[in-house]
Amino acid sequence: MQSSTKEAMDKKNNQMLKRVITGCVGAVILIIVFFVSNTLVLNFAMALVSILSLYEMFVITKYIKHIELMVLSFVFAAAVPFLASTTTKVLMFLIFLLVFALFSMLVLNQNRYKLEQIGTIFLLSIIIPFFFSNIVFVRRLENGEVYFWLIFLGAWLNDIFALFSGMLFGKHKLAPTISPKKTIEGAIGGLIGTVLGFVVFTFVAKLIWNVDFIIWKMIILAVACVIAGVIGDLSASVIKRQFQAKDFGTLMPGHGGVMDRFDSILFVAPLVYCVLNFTSLIK
């Protein structure tokens, strides 16, 4: 009994160590991308993340056997970060080409493809690259080098504080049928940690970039990011549960796949961009 308990603890500690190491490596890569982030580098980074995320979706849904649909989706995802900020005419033409190609395949291969598959691939091909491209949009704004960090702080601070709060205090399940490990105590800890992180970042931004954020707006944004991140996380959990998968992949040890690490960012990035377009966070 003691032996099995010790093995379980060792496994848990090993998993945590992997998460920490992977997180540190990811943070270093993020910093490198940020500091060399001319438009081209950031576009390539978002195109790569989008393609890897779509690949994981094709694997988990078992659509990977449809090679031509997967290649089409990859090509579209690779193009979006480079073209999403161009004119509406170019963007609409790009989406039309995707729809036209998908339904052409449905017409020509009606015995092989179903409308459900075409619809699912279209939805994922639109949501994943377009939502990730909001990171590029935020970076291009005036003071974008500061706003850029709000996306990752809003998503990952919540993840980190929710994880440790849940481990220390978690007793009441947040969504037991969707993600049994998530707790209400963890969610509260994630919220408090994210709000405190945004408040600290307000002072850091003033000190480093001389950008004077309005604290009460930053607090509201932090709360909104937590809500968006939780919805993104739980949405990913629903998908995994429906397809009987533990993780989206194994590319990131301790975390799973790319989508396991970026599911909350997928929702937080467009939220931050929309907020920045509708209101000013700076005095």
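**Salt bridges, ring pairs and a nonpolar patch**

Asp159 and Arg261 form a salt bridge, with the closest N and O atoms 2.6 Å apart (a salt bridge being a side-chain nitrogen of Lys or Arg within 4 Å of a carboxyl oxygen of Asp or Glu). The model is a predicted one, in which local features need pLDDT of at least 70 and side-chain atom pairs count only at pLDDT 80 or more, while totals for chains, interfaces and linings use all residues. Residues are numbered from 1 along each chain as its sequence is written, and side-chain values use heavy atoms, with hydrogens and water left out.

Asp159 sits in helix 6 (residues 144-169) and Arg261 in helix 9 (residues 258-278), so this salt bridge ties together parts that are 102 residues apart in sequence. Helices (H or I, at least four residues) and strands (E, at least two) are DSSP runs, numbered from the N terminus. Asp159 is buried at 16% relative accessible area, and Arg261 is buried at 13%; buried means under 20% relative accessible area, exposed over 50%, and partly exposed in between (1.4 Å probe, protein chains only).

The whole structure has six salt bridges. Another of them joins Asp233 to Lys182, with the closest N and O atoms 3.3 Å apart. Here Asp233 belongs to helix 8 and Lys182 to strand 2 (residues 179-183), so the pair bridges parts 51 residues apart in sequence. Asp233 is buried, at 16% relative accessible area, whereas Lys182 is partly exposed, at 23%. Then there is Lys240 with Asp260, at 2.8 Å from N to O. That pair links helix 8, home of Lys240, to helix 9, home of Asp260, across 20 residues, and both Lys240 and Asp260 are buried.

On to the aromatics: the structure holds 14 aromatic pairs. Rings of Phe, Tyr and Trp (its six-membered ring) pair if their centres lie within 6.5 Å; planes under 30 degrees apart count as stacked, over 60 as edge-to-face and the rest as tilted. Phe148 and Trp149 make an edge-to-face pair, because their ring centres are 5.4 Å apart and their planes stand at 90°. Both Phe148 and Trp149 are buried. Phe201 and Trp209 pair up in a tilted arrangement, 6.1 Å centre to centre with 50° between the planes. Phe201 is buried at 8% relative accessibility, while Trp209 is partly exposed at 27%. Ring pairs also join Phe132, Phe148, Trp149, Phe152, Trp156 and Phe262 into a cluster.

Phe76, in helix 3, is buried, with just 5% relative accessible area. Its C-alpha lies 7.9 Å from that of Leu94, 18 residues away in sequence. Setting aside neighbours within four places in sequence, Phe76 has contacts that include Leu94, Ile95, Pro129 and Phe130, contact meaning heavy atoms within 4.5 Å.

The surface carries a nonpolar patch of Leu191, Phe203, Ile215, Ile219, Val223, Ile227 and Ile231, with about 570 Å² of accessible area together. Patches are made of residues with over 30% relative accessible area and no salt bridge, with like charges joined within 9 Å and nonpolar side chains (Val, Leu, Ile, Met, Phe, Trp, Tyr) within 5 Å; accessible areas come from the Shrake-Rupley method with a 1.4 Å probe, and for residues only the protein chains shown count as cover. Helix 8 gives the most to this patch, with five residues. Phe203, in helix 7, is exposed at 54% relative accessible area.
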